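Let's walk through this structure together, beginning with its cysteines and moving on to a pair of strands. Have the viewer open as you read.

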Amino acid sequence: MRRYSLNSLLFLTSLSLVSLGACYGDDGASGDELGSASGFESDGDGTGGFDEGPGDGDTNTSDGGDGDPGDGDGDSGGDGDGDEWGGDGDGDGEPGDGDGDGDDEDDGETETETETGEPLCNDIDDVVLYLSPDDSNSMSSPVQVRERVLTEGSESLGNVPVRVWEFMNYYGFDYAPAADGELALSASMQVREGEDATWQLQLAVSSETMTPDERPPMNVTLVLDTSGSMAGEPMNLLKESCRAIAAQLQEGDVVSIVEWDTENVWSLAGYAVSGPDDALLLEKIEDLSYGGGTDLNGGLVSGYELAQQVYDINMLNRVVLISDGGANAGVTDLELIAENAVYGGSDGIYLVGVGVAKNSNYNDELMDTVTDAGKGASVFLPDDEEIWEVFGTNFENTMVVAGREVQVELTMPPGFEIVKFSGEGFSDDPQEVDPQHIAPNDTMVFYQDVETCAPELIDDAAEITVLATWEDPWTFEAKQVEQTWTFAELTGMDQSQLLKGAAIVAYAESLKAYQKAFNDDQKTAALSAAFAAMAPAQAALPNDEDLLEIAMILAQLNP
């Protein structure tokens, strides 16, 4: 999903690196230094931090952090002081003594147990955690950032969402694909420089490759926003998105169209196309016009009603909602959307949410919410190039499912915990982490910092195990793949993809800190962690287009 050719990226980046050079040196602030260097104080809500997990040390990090200084119960999700990537996160910005009691006094005692009587360092039991990248294959926020900075030329990121996992979803990683019908596991790790008890660890779950000729037949219901807010460029983008989809369809694929504003019109129902660029389908697309209010929920209800009527258990059934995300009439029934994601107890009717609007007008929160419920992809398409990348080159990746209900289990040696995490959540309770579908030609990537309270137990023979379970999307057969690596094997692997993951995560987190900056000094400090992480990543992957794009954005934002 690129906007620039490799040659242009190389040229532009060579110019921009002049302004970045000072930031790549040894003087760049580390993540933990960023809060003090920039003058930021954590607001305690987790937004300034890496994993937005609970500052009270709970294992599950999916619900946002409070970062209060007295919360320190020592569980595996955090250290109780809320210390995060972008600031000290202790709730009030004041340093504590680290004992978790919320005061600044040293009581002269060494704590060995938590309030529940558990040892502060469990050096006996293996640590088992369940990881979640996201509730959907969402990829919207990095495109919105790029559009704001590179296309609009703005240095303001106000109202632009920054969700770390979406950056990991959007940018590509070069991991080996799985065999047909299977998933494959990859991993690598390295000691974080200067921290002997902390490692950077990256895990990847890869799906099979699929060509257009190999994909199953498709049953697509286009749910199209034709309200008055779609006038002008949004309607042009909506039509181009439909044309791109039409170009990928094959003989026998089925298309339906629901046009909606405050009323709903079924302009095509259960129509089997003759092949790519079917004449009748293109005619219906050209006839689309805008006007009226915006009842998004009414449009979705009507769209699912039509999708259920034409449902075919032998086809991929998809609802594609294309809208600027506005909703000034009706409500959004998330239960209805979720129910259709498991319609008929089979492969369901998955929702692909497509945002077409100027960046400043896009209702991202609404579209992200409905797409999460619909277990599909969420994309933002600001121009024709992005449209044809998503619904052309990456059509199978956007529309097809290779594995249902993927759950990833990570087992680490005793004493270990995740202290920073790129995904949406992790927990020691599998019921607290939603499984996620994976598309073909895709990879789920998890970057995390892990540390141990018992470093004396770790040597080259120490092991990490990853287990991925999932369901076949057609037979619903339960499947799994498991792999164990020693620390020696993991640290001896090619680290280039791990370095790229670290750079992408640092980039996203720096953008979040940048949004809180009030002056140039704070902006420079906010971006320093991204610059520091980019240096080794670009050294390992000098021609990587994703990293070149990120370097351009950072150069534009750097005061």
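**A cross-link and a hairpin**

C121 is partly exposed, at a relative accessible area of 24%. Keep in mind that you are looking at a predicted model. The sulfur of C121 is bonded to that of C453, with 2.0 Å from S to S. C453 is partly exposed too, and its relative accessible area is 37%; the band for that label runs from 20% to 50%.

Now turn to the geometry of the link. The angle about the S-S bond is 85°, and the link of C121 and C453 is right-handed. What does the pair tie together? C121 sits in the loop between α2 (31-38) and β1 (127-132), while C453 belongs to the loop between β15 (443-452) and β16 (463-471), so the disulfide connects parts that lie 332 residues apart in sequence. A search of the whole structure turns up 1 disulfide. For another cysteine, look at C242: its relative accessibility is 1%, so it counts as buried, the cut-off being under 20%.

Next, please find strand β3, residues 184-191. Is this strand largely enclosed or open? Of its 8 residues, 6 are buried, so the rest of the structure largely encloses β3. Its partner is strand β4 (residues 198-206), and the two run antiparallel, paired over 8 bridges. To see the register for yourself, pick out Q190 and look across to Q200 in β4, which stands opposite. Finally, follow the chain around the hairpin of β3 and β4: 6 residues lie between the strands, and G194 has a positive phi near 80°.

Terms used:
Residues numbered from 1 in each chain as written. Predicted model: local features only at pLDDT ≥ 70, side-chain atom pairs only at ≥ 80, totals over all residues. Heavy atoms only, no water. Disulfide = S-S within 2.5 Å. Helix = DSSP H or I, 4+ residues; strand = E, 2+ residues; numbered from the N terminus. Buried < 20%, exposed > 50% of the residue type's maximum accessible area, 1.4 Å probe, protein only. Pairing = 2+ DSSP bridges.
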